[in-house]
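Visitor: I'd like a close look at a single part here, the largest nonpolar core, and then at what goes on around it. Which residues have the most contacts inside that core?

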Amino acid sequence: TANYYRSRFAEHLFNWLTKNADLPWRADSRGLDVESWGDIGTVSRFTVDALHERGIPVNGNHRYPRALAQEDLDRSHLVVAVKEAEHRRLMADQFPQWADRIEYWHIHDIDCASPVDTIPVLEQHVEALVQRLGGAERSAPDRRQAARTARFPGRDARHARHRHVCRRRLLHGAAGPHGGRQGPGDRLQQS
């Protein structure tokens with residue numbers, strides 16, 4: 001929701017994969033609750049570390065998190081939210097006409113799963129999306145048609161087991177990986 005950890009990893013990975021596959025797709029990630037996090041920095045260290053581990057070039061000039069705007073949706077051919085349990089309600093509140101038009105995944109944030117567990121699952125989803133788009137790109141006349149062809153239904157039964165909302169833990173006095181500041185991927189709250 002802060003455009004700081006999962007979505008940024010997915011954005012960089014997607015763009016690297018599509019470039020290497022010579023596909024005309026580009027991802028630009030956004031968050032649905034960026035403002036509530038304050039100045040958390042540019043990108044999670046977990047994102048940067050995971051990209052480096054995979055040999056994906058990351059320059060040191062990271063942008064700050066960006067909030068989703070109507071213009072972003074209007075320019076998009078396909079929109080993915082990384083966790084339905086978090087993002088569907090926010091989409092319904094902020095962009096109700098889009099809430100049922102996007103693809104929802106079920107990738108936990110750090111309050112429910114560690115980056116060691118989350119990043120590989122997110123990586124598999126991004127790789128599968130690139131494969132779907134590549135296949136659709138070869139058979140569809142334009143990107144909008146390719147996006148429609150490649151889209152999974154928002155309630156794909158194969159992901160049903162990942163739909164639960166985890167119980168969040170409360171850590172008292174825990175310092176995040178930002179020298180005592182906690183970023184969205186580090187802040188743990190009780191639900």
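Guide: Before we dive in, one bit of vocabulary: a residue is buried with under 20% relative accessible area, exposed with over 50% and partly exposed in between, with a 1.4 Å probe and protein chains only. What you have on screen is a predicted model, where local features need pLDDT of at least 70 and side-chain atom pairs count only at pLDDT 80 or more, while totals for chains, interfaces and linings use all residues. Residues are numbered from 1 along each chain as its sequence is written, and side-chain values use heavy atoms, with hydrogens and water left out.

First, get your bearings. The protein chain has six helices and two strands, where helices (H or I, at least four residues) and strands (E, at least two) are DSSP runs numbered from the N terminus. Trace them from the N terminus and you pass α-α-α-β-α-β-α-α. Of the 191 residues in the protein chain, 48% are buried.

Now for your core. In soluble globular proteins, nonpolar side chains tend to be buried together. The largest nonpolar core here contains 29 residues; such a core is a set of buried Ala, Val, Leu, Ile, Met, Phe, Trp, Tyr and Cys residues joined through side-chain atoms within 4.5 Å. To answer you directly, Phe9, Phe14, Trp105, Leu122 and Val126 have the most contacts inside this core. Three elements give two or more residues to the core, namely α1, α2 and α5. Helix α5 supplies the largest share, six residues.

So let's stay with α5 and see what its other side chains are up to. Right after Val126, one of the residues with the most contacts in the core, comes Glu127, which also has its place in helix α5. Glu127 is only partly exposed, with a relative accessibility of 34%. Look across to Thr18: it sits 109 residues away from Glu127 along the chain, yet 9.5 Å separates their C-alpha atoms. A little further along α5 you reach Gln131. With a relative accessibility of 62%, Gln131 counts as exposed. Its long-range partner is Ala21, 110 residues away in sequence but 9.3 Å away in space, C-alpha to C-alpha.

Next stop, the loop between α1 and α2, where you'll find Asp22. Asp22 is out in the open, exposed with a relative accessible area of 70%. Its backbone is worth a glance too. Most residues other than glycine have a negative phi, and most peptide bonds are trans. Asp22, not a glycine, has a positive phi near 55 degrees. Asn3 is another case, with a positive phi of about 60 degrees although Asn3 isn't a glycine either. The setting is the opposite one, though: Asp22 is exposed, whereas Asn3 is buried, with a relative accessible area of 2%. You'll find Asn3 in the segment before α1.

That segment brings us to the aromatics. Search the whole structure and you get one aromatic pair; rings of Phe, Tyr and Trp (its six-membered ring) pair if their centres lie within 6.5 Å, and planes under 30 degrees apart count as stacked, over 60 as edge-to-face and the rest as tilted. The partners are Tyr5 and Phe46, with ring centres 6.2 Å apart and planes at 65 degrees, so this is an edge-to-face pair. Tyr5 is in the segment before α1 and Phe46 is in helix α2 (residues 45-53), so the contact ties together parts 41 residues apart in sequence. Tyr5 and Phe46 are both buried. Keep in mind that α2 is also one of the elements giving two or more residues to the core.

One last detour, to helix α4, home of Arg88. A charged side chain can still be tucked away: Arg88 counts as buried, at 18% relative accessibility. Trp98 follows 10 residues further along the chain, and the C-alpha atoms of Arg88 and Trp98 are separated by 9.5 Å.

To pull it together, keep an eye on α5: it gives the core six residues, and it also holds Glu127, whose C-alpha is 9.5 Å from that of Thr18, and Gln131, whose C-alpha is 9.3 Å from that of Ala21.
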